[in-house]
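Q: Could we go through a structure together? I would like to ask about its ligands, its cysteines and a few of its residues.

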Amino acid sequence: MKIKNICCIGAGYVGGPTMSVIAQKCPEINVTVVDLNEKRIAAWNDENVENIPIYEPGLSAVVAEARGRNLFFSTDVDEAIDRADMIFISVNTPTKTYGIGKGMAADLKWIELCARQIARVATSDKIVVEKSTLPVRTAQALKNILENTGNGVNFQILSNPEFLAEGTAVDDLLNPDRVLIGGDIDTEKGREAMQALVDVYGHWVSNDHILTTNVWSSELSKLTANAFLAQRVSSINAMSELCEVTGADVNEVSKAVGMDSRIGAKFLKASVGFGGSCFQKDILNLVYIAKSFGLNEVADYWEQVIIMNDHQKRRFAANIVKTLYNTVSGKKIAMLGWAFKKDTNDTREAASIYVADYLLSEQAEIVVYDPKVTEEQIYADLDYLGSRTGEENRKSVKIVNTAKEACLDAHAVALMTEWDEFLDLDWEAIYEKMLKPAFLFDGRKLLNKKKMIDSGFKFYAIGN
Ligand code: UDX
Ligand code: ADP
């Protein structure tokens with residue numbers, strides 16, 4: 001089976017970059033990315049390729065090469081579905097905010113809507129690929145919806161979880177550690193569908209990096225990978241608190257530990273807490289699934305990773321208040337960075353949102369600078385929490401265009417995202433323009449402690 005037309009539903013952080021790379025590497029396949037969000041599609045189609053809606057190093061060059069050739073962005077979902085032999089579902093699956101499983105289970109509303117739309121529109125056989133991270137056994141639900149249309153169309157469901165990390169998405173897509181494809185390995189049609197997807201990736205990924213499994217293993221592997229990664233961050237963050245009271249330095253500990261080849265060096269960087277659209281959502285989901293099977297010990301074990309992460313965010317904010325003589329009321333705090341990590345404009349679950357919320361509840365005045373996140377997004381993140389009115393958020397939070405401007409006359413600076421440019425700031429000049437004593441809280445352990453203290457700062461870094 002040779003794939004000629006691919007449709008991807010969802011032009012977000014997963015669908016956009018993944019389809020751009022597939023289109024770049026498979027020039028003979030037409031790839032159409034569709035989304036209901038007209039503004040987002042217009043931005044993907046913007047004449048100036050630098051204006052695409054997702055900031056990812058290297059992505060605009062890939063889009064520039066393939067767009068208009070075999071990569072298309074459109075709001076005409078029905079047409080793209082009908083034409084495609086293979087449909088990727090890359091829509092959002094946030095944690096439910098209502099009803100059963102509220103705050104834990106993934107909300108599959110958008111997935112189900114996609115399935116129903118595919119079922120309604122399709123007039124020829126399709127391979128449907130789950131790309132979004134989904135709870136185990138979602139494929140079965142998709143299958144049930146698709147197979148009960150009665151229009152004689154044959155659907156094969158594959159799970160092909162995305163392991164790209166934001167900020168390095170293009171590189172991760174071009175050189176994946178592995179590509180995982182789950183399908184119905186027990187039937188001829190299932191194996192054919194899997195092979196068709198293997199052949200797509202085979203354009204640039206070697207065979208030994210492509211794993212095929214049954215659907216359930218594939219779905220669960222994605223949740224497991226994210227849970228393990230997040231667990232490492234929570235583990236080192238737990239140690240960071242212990243380092244602070246014992247005089248150990250968490251960077252030294254993580255280096256010493258990471259050099260053990262059984263442990264490995266990656267994902268051992270202490271921080272103000274992990275964010276992003278996946279870690280928390282996927283672990284909550286894992287906890288929910290475990291609980292629903294009565295596996296309470298398994299659920300409690302993984303829930304602790306989230307509890308530790310919430311604690312890390314809260315204690316960073318609480319430490320700012322405590323250090324500033326137990327009050328930040330009316331004080332100006334500059335927050336450098338808003339994105340959940342560097343090299344992305346994504347802010348989902350960013351620690352900065354929760355730290356800002358905590359400080360605002362203590363009546364602080366906040367000034368934010370982030371090189372890639374828009375003012376609109378920052379206010380939307382705060383408004384979404386519902387802790388205060390939109391008007392109050394706009395009164396107490398200002399967004400500026402440079403780090404220098406943010407720090408002017410501030411009582412304290414909180415470094416929230418490890419953007420490279422924060423390393424090169426003229427910190428002495430910043431110190432001069434702040435109120436004294438000038439406090440600097442490094443939530444990413446990015447800055448050189450000695451240099452900051454020599455510049456005059458009262459300096460605090462996570463885990464030191
Ligand atoms: C993650 C997974 O890495 C990826 O495989 C999956 O497909 C989606 O979820 P992402 O959320 O984009 O990717 O970024 P990641 O690099 O994993 O970082 C997540 C959070 O953990 C960030 O807030 C980051 O700052 C934090 N982190 C990461 C640490 O605090 N310390 C570390 O050592 C590593
Ligand atoms: P992710 O990080 O998983 O890519 P995003 O929220 O960035 O998540 O992107 C998901 C996209 O899916 C959004 O742009 C949203 O508008 C789109 N979407 C959700 N449901 C549908 C649907 N039924 N049809 C088309 N697009 C959809």
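A: The conversation below takes these topics in turn, and the model under discussion is predicted.

Q: Let us begin with ligand 2. How many residues surround ligand 2, and which are the closest?
A: Ligand 2 is surrounded by 15 residues, and the closest are Tyr13, Val14, Asp35, Arg40 and Arg348.

Q: What lies 2.7 Å from an oxygen atom of ligand 2?
A: That partner is an N or O atom in the side chain of Arg348. The protein buries 88% of the 580 Å² that ligand 2 exposes when taken alone.

Q: And which backbone atoms lie close by?
A: For Tyr13, a backbone N or O atom lies 3.0 Å from an oxygen atom of ligand 2. For Leu36, a backbone N or O atom lies 3.4 Å from a nitrogen atom of the ligand.

Q: How do the residues of the shell around ligand 2 divide into nonpolar, polar and charged?
A: Seven are nonpolar, five are polar and three are charged.

Q: Now ligand 1, please. Which residues are the closest there?
A: The closest are Phe163, Glu166, Ser271, Lys341 and Arg444, out of 20 residues that surround ligand 1. Helix H9 (residues 215–246) gives the largest share of this shell, with four residues.

Q: Where does Arg444 come in?
A: An N or O atom in the side chain of Arg444 is 2.7 Å from an oxygen atom of ligand 1. On its own, ligand 1 has 660 Å² of accessible area, and the protein covers 91% of this area.

Q: What about the backbone here?
A: A backbone N or O atom of Phe163 lies 2.7 Å from an oxygen atom of ligand 1. In Leu268, a backbone N or O atom lies 3.3 Å from an oxygen atom of ligand 1.

Q: And the make-up of that shell?
A: The shell around ligand 1 has 11 nonpolar, three polar and six charged residues.

Q: Changing topic: how many disulfides does the structure hold?
A: The structure holds zero disulfides. A disulfide is a covalent bond between the sulfur atoms of two cysteines.

Q: Why is there no bond for Cys278?
A: The closest cysteine sulfur, in Cys8, is 15 Å from the sulfur of Cys278, and this is too far for a bond, because the two sulfur atoms of a disulfide must be within 2.5 Å.

Q: Is Cys243 buried or exposed?
A: Cys243 counts as buried, because its relative accessibility is 4%. Cys278, at 22% relative accessibility, counts as partly exposed. The cut-off for buried is under 20%.

Q: Let us turn to Leu173. Where does Leu173 lie?
A: Leu173 lies in helix H7 (residues 169–174). With a relative accessibility of 6%, Leu173 counts as buried.

Q: Which residues does Leu173 touch?
A: Leaving aside residues up to four places away in sequence, Leu173 touches Pro17, Thr18, Val21, Glu162, Leu164 and Trp204. Leu173 and Trp204 are 31 residues apart along the chain, and their C-alpha atoms are separated by 9.8 Å.

Q: How many residues of helix H1 are buried?
A: In helix H1 (residues 15–25), 10 of the 11 residues are buried. Among them are Pro17, Thr18 and Val21.

Q: One last residue: where is the place of Asn285?
A: Asn285 is in helix H11 (residues 279–292). Asn285 counts as buried because its relative accessibility is 4%. Not counting residues up to four places away in sequence, Asn285 touches Met104, Ala105, Ala106, Pro135 and Leu223.

Notes. Residues are numbered from 1 along each chain as its sequence is written. Chains are lettered from A and ligands numbered from 1 in the order in which they are written. This is a predicted model: local features need pLDDT of at least 70, side-chain atom pairs count only at pLDDT 80 or more; totals for chains, interfaces and linings use all residues. Side-chain values use heavy atoms; hydrogens and water are left out. Buried means under 20% relative accessible area, exposed over 50%, partly exposed in between (1.4 Å probe, protein chains only). A residue is near a molecule or strand if one of its heavy atoms lies within 4 Å of it. A polar contact is a pair of N or O atoms within 3.5 Å; within protein, one must be able to donate a hydrogen and the other to accept it, and residues adjacent in sequence count only if both atoms are side-chain atoms. Accessible areas come from the Shrake-Rupley method with a 1.4 Å probe; for residues, only the protein chains shown count as cover. Ala, Val, Leu, Ile, Met, Phe, Trp, Tyr, Cys and Pro count as nonpolar, Asp, Glu, Lys and Arg as charged, and the others, Gly among them, as polar. Helices (H or I, at least four residues) and strands (E, at least two) are DSSP runs, numbered from the N terminus. Contact means heavy atoms within 4.5 Å.
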